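Please take a moment with the sequence and the model below before reading on. The paragraphs that follow lead from the overall build to the interior, and then to individual side chains.

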Amino acid sequence: MNEVARRFGGLADLVKKARLSKGVTQRQLSRALDKSQGYVGHLESGRIRPNVETLKSLSASLGLLYGQLAVEAGYITREEFESPIDEGQLA
């Protein structure tokens, strides 16, 4: 599959690896996400980027860090994920 079709390949690989390591089928994951099995297939092929709510569900369902998923989906940079939040940002 070419790079254009696999735009979110890092996220796809992370999700698929986590799903398989937990012994969860695509159908089971699709039910947990309240999405179709086809959606999970597209997600695992790297063709689509899930919205923030779906990332939260993936995090909870597969035990992955939400920040790691957000980096792979392109919502935040790796630097933003790895940098601690200072007092000024919390205010």
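How many helices and how many strands are there in the protein? In this model, which is predicted, there are seven helices and zero strands, so that a walk from the N terminus onward reads α-α-α-α-α-α-α. Along its principal axes the C-alpha trace spans about 45 × 30 × 20 Å, and of the 91 residues of the protein, 32% count as buried. It also helps to ask how the chain meets itself: among contacts between residues at least 6 apart in sequence, 55% join residues at least 24 apart.

We can now turn to the interior. The largest nonpolar core has 16 residues, and those with the most contacts inside it are L11, V15, L29, L55, L58, L62 and L69. Two or more residues of this core come from each of α1, α2 (26-33), α3, α4 (52-62) and α5 (66-73), with α1 giving the largest share, four residues. L11 shows what such a position looks like in detail, for, leaving aside its neighbours within four places in sequence, L11 is in contact with L43, P50, L55, L69, E72 and A73.

Charged side chains come next. How many salt bridges does the structure hold? There are four salt bridges, and three of them can be followed here one after another. In one of them D13 pairs with R6, and the closest N and O atoms are 2.3 Å apart; D13 counts as partly exposed, at 45% relative accessibility, and R6 likewise counts as partly exposed, at 22%. Another joins the side chains of E44 and R19, at 2.5 Å from N to O. Because E44 lies in helix α3 (residues 37-45) and R19 in helix α1 (residues 9-21), this pair ties together parts that are 25 residues apart in sequence. Are these two partners buried or exposed? E44 is buried, with a relative accessible area of 7%, and R19 counts as buried at 7% relative accessibility, since buried means under 20% relative accessible area. A further salt bridge links R78 with E72, whose closest N and O atoms lie 3.2 Å apart; here R78 is partly exposed at 35% relative accessibility, and E72 is partly exposed at 26%. E72 has already appeared above, as one of the residues in contact with L11.

Charges can also sit over rings. The charged end of K35 sits over the ring of Y39, 5.2 Å from its centre, while R49 lies over the face of Y75, at 4.3 Å from the ring centre. As for rings paired with one another, the count comes to zero aromatic pairs.

Helix α2 offers a place to look at polar side chains more closely. R27 is found in this helix and is partly exposed, with a relative accessible area of 46%. A polar contact of 3.4 Å joins the side chains of R27 and Q37, and R27 lies 9.0 Å from G38, C-alpha to C-alpha, although the two are eleven residues apart in sequence. S30 also has its place in helix α2, but S30 counts as buried, at 5% relative accessibility. Which part of R27 lies 2.7 Å from a polar atom of the side chain of S30? It is the backbone oxygen of R27. Leaving aside neighbours within four places in sequence, S30 is in contact with K35, S36, Q37 and V40, so that Q37, which meets the side chain of R27 in a polar contact, is also one of the residues in contact with S30.

The last stop is T54, which is found in helix α4 and is buried, with a relative accessible area of 4%. Not counting residues up to four places away in sequence, T54 touches L33, K35 and Y39, and this list includes both K35 and Y39, the charge and the ring described earlier. A residue further along the chain gives a contrast in distance: T54 and E82 are 28 residues apart along the chain, and their C-alpha atoms are separated by 22 Å.

Conventions. Residues numbered from 1 in each chain as written. Predicted model: local features only at pLDDT ≥ 70, side-chain atom pairs only at ≥ 80, totals over all residues. Heavy atoms only, no water. Buried < 20%, exposed > 50% of the residue type's maximum accessible area, 1.4 Å probe, protein only. Core = buried A, V, L, I, M, F, W, Y, C linked by side-chain atoms within 4.5 Å. Contact = heavy atoms within 4.5 Å. Polar contact = N/O pair within 3.5 Å; in protein donor to acceptor, adjacent residues only side chain to side chain. Phe/Tyr/Trp six-rings, centres within 6.5 Å; stacked < 30°, edge-to-face > 60°. Lys NZ or Arg CZ within 6 Å of the ring centre and 35° of its normal.
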